[in-house]
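Trainee: Before we look at individual residues, may I ask how the terms used for this model are justified?

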Amino acid sequence: MSGAFALYPLANKWAEEFTKIHPEVRFNISAGGAGKGMADALAAAVDLGMLSREIKKEEISSGAWPVSVTKDAVVPVINANNPAIDLLKQQGLSQEILKKIFVTSEITTWGNAVNTALTQKVNVYTRSDASGAAATWAEYLGGEEQDVLKGIGVFGDPGLADAVKKDVAGIGYNNVIYVYDLNSKQKYPGIDVVPLDVNGDGQLSKSELFYDNLDSLMAAIGDGRFPSPPARELYFVSKGKPESKVVKEFLRWVLKEGQKFVPETGYITLSAAKVQSELEKLQ
């Protein structure tokens, strides 16, 4: 298996649990971005690619066969010592403001972003690899491909988070699992989440405040208070319907028994109806 950083931690958890009941099975899992996962799957270089974006029509035409396995989200991130952090926690940033930061580069200072006299420059970071997180973030901001996003390119989810932690004026985006610690449920030191001003009214209502801890954010993703995109489904994808007995059994297990490991790993379980529809693909 190869592909999305977003799915990598959960895929490893599933592999660990699956081998407890099937010790003869061996997994080789690597993260390299959703683009690599799709390319490897279509080339039949892996049994399963890990994908963190919607599958394109041309990929389906080329034989991509996806199975939805969980759900998570991409969130905008800043340095925990950002000079405008207090106002950002009160106002959030609207979709339009974020577009002016990441896409059109119309907003270049933190003062412009929060409507104050702050002159601190905004340093934008984006993904340099073909990334599902980047594609999802671009879609939220009205773009069809990740190349609409401006900024300093950084490889991988961990790399982007690290870049923002080292730059007090930095802003980027990450999959949730790279922002919150699974054990403490709190944000990792040095990084913070920019709340989304979903209705664009310039202030955050109670219904828009759910970023304090991982459980609160997961609940908001699950019930739709956090918008989709940048919430999205995550997929395993193969070249055509799998023929391997082991691969099919693993996918069935992921959709049934494997779902109980989803919340503890920082993701959202699929609905019963979604699980059933995905299981039917395997029949």
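Mentor: Let us begin with the naming of elements: helices, of at least four residues, and strands, of at least two, are DSSP runs numbered from the N terminus. Please also keep in mind that this is a predicted model.

Trainee: Where is Pro-229 found?

Mentor: Pro-229 is found in the loop between α9, residues 214–223, and β9. Pro-230 has its place in the loop between α9 and β9 as well. Two cis peptide bonds occur here: Ser-228 to Pro-229, with omega near -10°, and Pro-229 to Pro-230, with omega near 15°.

Trainee: What makes β4 and β9 a pair of strands?

Mentor: Two strands pair if DSSP finds at least two bridges between them. β4 and β9 have 9 bridges, in the antiparallel sense, so the condition is met. Within this pairing, Asp-72 stands opposite Arg-232 in β9.

Trainee: Which bridges join β4 to β7 and to β8?

Mentor: β4 pairs with strand β7, residues 170–175, over 5 antiparallel bridges, and Val-75 has Asn-174 in β7 as its bridge partner. With strand β8, residues 191–193, there are 3 bridges, again antiparallel, and Asn-79 is set opposite Ile-191.

Trainee: Why is strand β4 described as largely enclosed?

Mentor: Strand β4 covers residues 64–79, and 15 of its 16 residues are buried, so the rest of the structure largely encloses it.

Trainee: How do you know whether Asp-72 is buried or exposed?

Mentor: Asp-72 is found in strand β4. Its relative accessibility is 1%, and buried means under 20%, so Asp-72 counts as buried.

Trainee: What makes the link between the side chains of Asp-72 and Arg-232 a polar contact?

Mentor: A polar contact requires a pair of N or O atoms within 3.5 Å, one able to donate a hydrogen and the other to accept it. The side chains of Asp-72 and Arg-232 are joined at 2.5 Å, so the distance condition is satisfied. Beyond its neighbours within four places in sequence, Asp-72 is also in contact with other residues, including Ala-6, Asn-175, Pro-230 and Tyr-267.

Trainee: Why is the pair of Phe-236 and Phe-250 called tilted?

Mentor: Ring centres must lie within 6.5 Å, and planes under 30 degrees apart are stacked, over 60 edge-to-face, and the rest tilted. Phe-236 and Phe-250 are 6.0 Å apart, centre to centre, with 40° between the planes, so the pair falls into the tilted class. The structure holds 16 aromatic pairs.

Trainee: What parts of the chain does the pair link?

Mentor: Phe-236 lies in strand β9, residues 231–239, while Phe-250 lies in helix α10, residues 245–255; the two are 14 residues apart. Phe-236 counts as buried at 1% relative accessibility, and Phe-250 counts as buried at 3%. Both belong to one aromatic cluster, whose members include Trp-14, Trp-253 and Phe-261.

Trainee: Which residues have the most contacts inside the largest nonpolar core?

Mentor: They are Phe-102, Trp-137, Ile-171 and Phe-226, in a core of 52 residues. Apart from it lies another core, of 43 residues, among them Val-46, Ala-64, Tyr-267 and Leu-270. In soluble globular proteins, nonpolar side chains tend to be buried together.

Trainee: What does Ile-171 touch?

Mentor: Not counting residues up to four places away in sequence, Ile-171 touches, among others, Val-77, Phe-102, Trp-110 and Val-124. Ile-171 is in strand β7, and its relative accessibility is 0%, so it counts as buried. Phe-226, for its part, is in contact with residues including Ala-73, Val-74, Val-75 and Phe-210.

Trainee: How do you know whether Ala-44 is buried or exposed?

Mentor: Exposed means over 50% relative accessible area. Ala-44 has 55%, so it is exposed. Ala-44 lies in the loop between α2 and β3.

Trainee: What is noted about phi of Ala-44?

Mentor: Phi of Ala-44 is near 60°, a positive value in a residue other than glycine. Lys-185, in the loop between β7 and β8, is not a glycine either and has a positive phi of about 70°.

Technical notes. Residues are numbered from 1 along each chain as its sequence is written. This is a predicted model: local features need pLDDT of at least 70, side-chain atom pairs count only at pLDDT 80 or more; totals for chains, interfaces and linings use all residues. Side-chain values use heavy atoms; hydrogens and water are left out. Buried means under 20% relative accessible area, exposed over 50%, partly exposed in between (1.4 Å probe, protein chains only). Contact means heavy atoms within 4.5 Å. A nonpolar core is a set of buried Ala, Val, Leu, Ile, Met, Phe, Trp, Tyr and Cys residues joined through side-chain atoms within 4.5 Å.
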